[in-house]
Amino acid sequence: MEGEEGSQEPQLVLADKLFLLRQPDVSDIDKVRYKDEVFTYVKDNDMLPLYETLVAQSVLDSDPALLDSMRAKIDDELKKIDEKIADAEENLGESEVREAHLAKSLFFIRIGDKTKALDHLKVTESKTVAIGQKMDLVFHTLQLGFFDMDFDLISKSIDKAKSLFEEGGDWERKNRLKVYEGLYCMSTRNFEKASSLFLDSISTFTTYELFPYDTFIFYTVLTSIISLDRVSLKQKVVDAPEILTVIGKVPHLSEFLNSLYECQYKSFFSAFAGLTEQIKLDRYLLPHFRYYMREVRTVVYSQYLESYKSVTIEAMAKAFGVTVDFIDVELSRFIAAGKLHCKIDKVAGVLETNRPDAKNALYQATIKQGDFLLNRIQKLSRVIDL
């Protein structure tokens, strides 16, 4: 997937390659290429802390001469940066002092020293007055968090950014923050909120440092399918011009979305099988692969059964292009988990739906709460009588 404009933050590209290096589904030829690219990037940017970690994990080979060279370059560069900071503090204004400290923060980010980078970003923030510049520092922190999936750091940074926006801030940065928060929500399995944030950002997307626009649309469609009802899906996703212009560039995605909406279930399963490979090779989605697979199947089975009071298992199996035994086993699991409201008549080979009645459910809940209240009143009356 490639973006049309802007470029992805190189360190996030590096994080993707490190992730793929560890995946069993990636071919050995690709792993050799990724290993070479990782080594080249680490070497060119003197990423000493990361290099030591990767050597310890047996991802890269140890090279003592390279280690010594990196240390020497880092010490030399830091000496120059510290001289610039000292000069700025003695002879120049506040903005020049801030720029010098920012350069040191960015240097620590470049070499992959997360602890020192975070510490010096705080120092830089103390020298910063403008809300927009403070927000940019938060975005740097968020990128550090996404590099190694530090969700605690990401969550605190998002909260900090929101509090900064209460003091002011421009719309461009606010819209960028929505994408960062959406990615965080998707990475922590809050697909509904992720979908809402992504959809709000479709027409204003400028967050190319995180991922290309094609990838953004990929995430938007995946999260929306399991979060929106049919009417909302049609309005916000299926007919969205921003999605229509890009969706064809992502393999299987257009067929995946449109076959679900048009109830072409055989085509849907075929496209879904193609998309699973992309999901398994995505470092944000892989931890939720099994969950997402279940949720998508729940959506599609519920949509099919919604049209019927009863339907034969054979007819459903034919519609999905699978065997009767597969559908039988599959639906049994979802029914037992309370995901589908139907029952299987194995003798007749029929599925009978029993959709929950909203009014009846409200009535039962009211009765239950009433009983609970009466019990509390009785207990209270006994205490008062004593």
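Let's start with one residue: Gln143 is found in helix H7, residues 131–147. Helices here are DSSP runs of H or I with at least four residues, strands are runs of E with at least two, and both are numbered from the N terminus. Gln143 is buried, with a relative accessible area of 11%; buried means under 20%, exposed means over 50%, and partly exposed is in between, using a 1.4 Å probe and protein chains only. Beyond its neighbours within four places in sequence, Gln143 is in contact with Glu9, Leu12, Tyr180 and Glu209, where contact means heavy atoms within 4.5 Å.

A word on what you're looking at: this is a predicted model, where local features need pLDDT of at least 70 and side-chain atom pairs count only at pLDDT 80 or more, while totals for chains, interfaces and linings use all residues. Residues are numbered from 1 along each chain as its sequence is written, and side-chain values use heavy atoms, with hydrogens and water left out.

Now step back to the domains. The protein is divided into domain 1 (1–148) and domain 2 (170–305), with bounds that come from an automatic or database domain assignment. Their C-alpha centres lie 30 Å apart, and 25 residues of domain 1 are in contact with 24 residues of domain 2.

What sits between the two domains? The largest nonpolar core does, because both of them give residues to it. A nonpolar core is a set of buried Ala, Val, Leu, Ile, Met, Phe, Trp, Tyr and Cys residues joined through side-chain atoms within 4.5 Å. This one has 78 residues, and Leu253, Phe256 and Tyr301 touch the most other members. Take Leu253: leaving out its neighbours within four places in sequence, its contacts are Ile217, Phe218, Val221, Leu222, Ile247 and Leu275. Apart from this core lies another, of 39 residues, including Leu48, Val59, Phe108 and Ala117.

Two more residues are worth a stop. Ser195 lies in helix H10, residues 191–201, and counts as buried at 0% relative accessibility. Not counting residues up to four places away in sequence, Ser195 touches Thr223, Ser224, Ser227 and Leu228. Gly169, on the other hand, belongs to the loop between helix H8 (151–167) and helix H9 (171–187), and at 39% relative accessibility Gly169 counts as partly exposed. Setting aside neighbours within four places in sequence, Gly169 is in contact with Ile131 and Lys174.

The record adds something too: an unreviewed UniProt entry annotates residues 71–98 as a "coiled-coil region". UniProt positions are in the numbering used here, feature names are shortened, and annotations may be inferred rather than shown by experiment. In the model, that span is 93% helix and 0% strand, and its end C-alpha atoms lie 26 Å apart.

Finally, look at the sheet. Three strands form an open sheet in the order E1-E3-E2, with antiparallel pairing; two strands pair if DSSP finds at least two bridges between them. Strand E1 (310–312) and strand E2 (342–345) stand at the edges with a single partner strand each, so one side of each has no neighbour in the sheet. E2 and strand E3 (residues 350–353) pair in the antiparallel sense over four bridges, and Ile344 stands opposite Leu351 in E3. Helix H18 (residues 324–336) packs on the sheet, touching E2 and E3, and its direction makes about 140° with that of E2. Axes are lines fitted to C-alpha atoms, for helices over the stretch in contact, and angles run from 0 to 180 degrees between N-to-C directions.
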